[in-house]
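Reader: I would be grateful for a close look at one part of this model, namely the salt bridges and the helix that carries them. Please set that part in the context of the whole chain.

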Amino acid sequence: MNNNHNNIDKHKYDDIIDLPHHVSRKHPQMSAINRAAQFSPFAALTGHGAAIEETARLAESVVESGEELKTQLEERLRQIKGTPAQQPPP
């Protein structure tokens, strides 16, 4: 880095670095617990994950039902046509 730049940054806050910490007269000081809560994880969409999982579960059951229905329809068509059912390979 540029040495000149470092010297400017080094002295940039010299005028305020030793001032006392500001305490507001209007607002009470926040407790440590409340300050920490500001940085805790935030779930903006609470329950959204569960809703997605439920939708996926329902969609999966529809797919399974669809496959089962397809198998039943194919069997019924074979019966109507008089074609013997095919056995799955061993």
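What percentage of the 90 residues of the protein chain count as buried?

Author: Of the 90 residues, 0% count as buried, where buried means under 20% relative accessible area, exposed over 50%, and partly exposed in between, with a 1.4 Å probe and protein chains only. This is a predicted model, in which local features need pLDDT of at least 70 and side-chain atom pairs count only at pLDDT 80 or more, while totals for chains, interfaces and linings use all residues. Residues are numbered from 1 along each chain as its sequence is written, and side-chain values use heavy atoms, with hydrogens and water left out.

The confidence of the model comes before its details. The mean pLDDT (the predictor's confidence in each residue, from 0 to 100) of the protein chain is 81, and 80% of its residues reach 70 or more. Confidence is lowest in helix α1 (residues 3-11), at a mean of 64, and highest in helix α2 (residues 32-37), at 88.

The protein chain holds three helices and zero strands; these are DSSP runs, numbered from the N terminus, with helices (H or I) of at least four residues and strands (E) of at least two. From the N terminus on, the elements therefore read α-α-α. The accessible surface, from the Shrake-Rupley method with a 1.4 Å probe, comes to about 9200 Å², and carbon and sulfur atoms account for 59% of that surface.

We now turn to the salt bridges. A search of the whole structure finds two of them, a salt bridge being a side-chain nitrogen of Lys or Arg within 4 Å of a carboxyl oxygen of Asp or Glu. Side chains of opposite charge can pair when their charged atoms come close.

One salt bridge joins the side chains of Glu54 and Arg57, at 2.6 Å from N to O. Both residues lie in helix α3 (residues 48-81), three residues apart, about one turn of the helix. Glu54 counts as partly exposed because its relative accessibility is 34%, and Arg57 is likewise partly exposed because its value is 47%.

In the other salt bridge, the side chains of Arg78 and Glu75 meet at 3.3 Å, N to O. Arg78 and Glu75 also both belong to helix α3, and again three residues, about one turn of the helix, separate them. With a relative accessible area of 21%, Arg78 is partly exposed, and Glu75, at 29%, is partly exposed as well.
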